[in-house]
Structures are given as structure tokens and as C-alpha cells.
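Trainee: I'm new to this one. Could you walk me through its charged pairs?

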Amino acid sequence: MYKKIDVITMGLDKVSNSPVVFLRIENTHIGLPIWIGACEATYLALAINEQKTPRPLTHDLLLNILENEGYFLKKIEINNMENDIYYSNIFLEKDGSEIVIDSRPSDALILAVKSKVPIYVKDKLAIENGIDISFIPIEDHDSENEENKRKEFKDFLENFDIDTIKKHFFDEGNETDESDDNK
């Protein structure tokens, strides 16, 4: 089974200084962080913000080629993780036939955002790698207020630090005095 993503946004992991994409599972408080490269983060940010470039970038070129050949992007699925690396598939359709292509999640996400197609995550990945973000003030809004939901989530990610979030869940109740460690 797969879960649909209803919010996709980006931030910077302040510990590793790496871009992170954060995917919120629809109608939940579960978020799936995926670290990506700086170049891919730039392209994804452009796509999320619907910014146009003077000339087609690589992902635009790929979508143009697919369209010219009669294919259209149907959906993407993030379906596996091995050795801390996520895997995804891009689903294309042409004349009623479906084609599935292996892809890096970062590329698949860029194509999905540009094409405005659904993004899905395998249940197992959401359960094993998702984090509870219920402490983040994200309200459910109707479709007219989708931008508000995206902004609230983006505000959270501006200060995203995975270690702080992990501490919230794993160190809660373990009251240790850090000053003792520094002696």
C-alpha cells in the first residue's frame, strides 16, 4: 500500500548543512525527510515556487521530450530504501499503456512537482522512516487554503534540524545535565 503526499517543501539540515526535502503524508502528522544534493535542491525549489527559467533545464527538457513522444507523467512512487538510499519509480502513460522507470527520488520529485502529479510513499517507508510532526503547528485546510498549509510547513523547515527532532523523541524523559559531560 502507498500513502499520498499532501505537502512537499524543503529546508536545510543545520547539522549536516545539507538540503532536505520533507514530505508530509496526507491527513497525518507524519513527515518523511529525504536528503538530496544541492543542485537537485535548487531545481526542486524552482519547481515548488513555480519559477520559470529563460531556457529549459534538464527536467524541463525531459518533460518536453516525453510530451513530444506522446507520454505523460501519471505519478511517482517512493518505494524502497536500501543502505540509507531511497528509490523511486516514475509512472508514464502512452496510449493506455503504462511504463515504469527507476529514478532517484530527487529527480522524480522535481518531475512530479513540475507536472503537478501525485506523489506516493510506500507505507513501510513512512512507518519506518517517517517522524511524528504533530508538535508542529500545521492545521488541515480545505483546498482553497492549500498555500497556508504549505507556508506553515515551510516556516517549520526554515529551522529544521534532524538532531533536534530526534532528541525530542528519543531523549524525552532522559534528563541529563550536559554541563557534567563538559567537566
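Mentor: Sure, and keep in mind that this is a predicted model. One cut-off before we start: a residue is called buried when its relative accessible area is under 20%, exposed when that area is over 50%, and partly exposed in between.

Trainee: Okay, so how many salt bridges does the structure hold?

Mentor: Pairs count here when a side-chain nitrogen of Lys or Arg is within 4 Å of a carboxyl oxygen of Asp or Glu. By that rule, the number of salt bridges in the structure is eight.

Trainee: Take E40 and R104: how many residues apart in sequence are the parts they tie together?

Mentor: Their closest N and O atoms are 3.0 Å apart, in a salt bridge. E40 lies in helix 1, while R104 is in the loop between strand 6 and helix 3, so the pair links parts whose separation in sequence is 64 residues.

Trainee: Is E40 buried or exposed?

Mentor: Its partner R104, at 44%, is partly exposed. E40 has a relative accessible area of 14%. The cut-off is under 20%, so E40 counts as buried.

Trainee: Which residues are joined with R104 into one network?

Mentor: R104 also has a salt bridge with D107, with 2.9 Å between the closest N and O atoms. D107 is buried, at 19% relative accessibility. Sharing partners puts R104 in one network with E40 and D107.

Trainee: And which strand holds K74, the salt-bridge partner of E93?

Mentor: The E93 and K74 side chains meet at 3.6 Å, N to O, and K74 is partly exposed at 34%. E93 sits in strand 5, whereas K74 belongs to strand 4.

Key: Residues numbered from 1 in each chain as written. Predicted model: local features only at pLDDT ≥ 70, side-chain atom pairs only at ≥ 80, totals over all residues. Heavy atoms only, no water. Helix = DSSP H or I, 4+ residues; strand = E, 2+ residues; numbered from the N terminus. Buried < 20%, exposed > 50% of the residue type's maximum accessible area, 1.4 Å probe, protein only.
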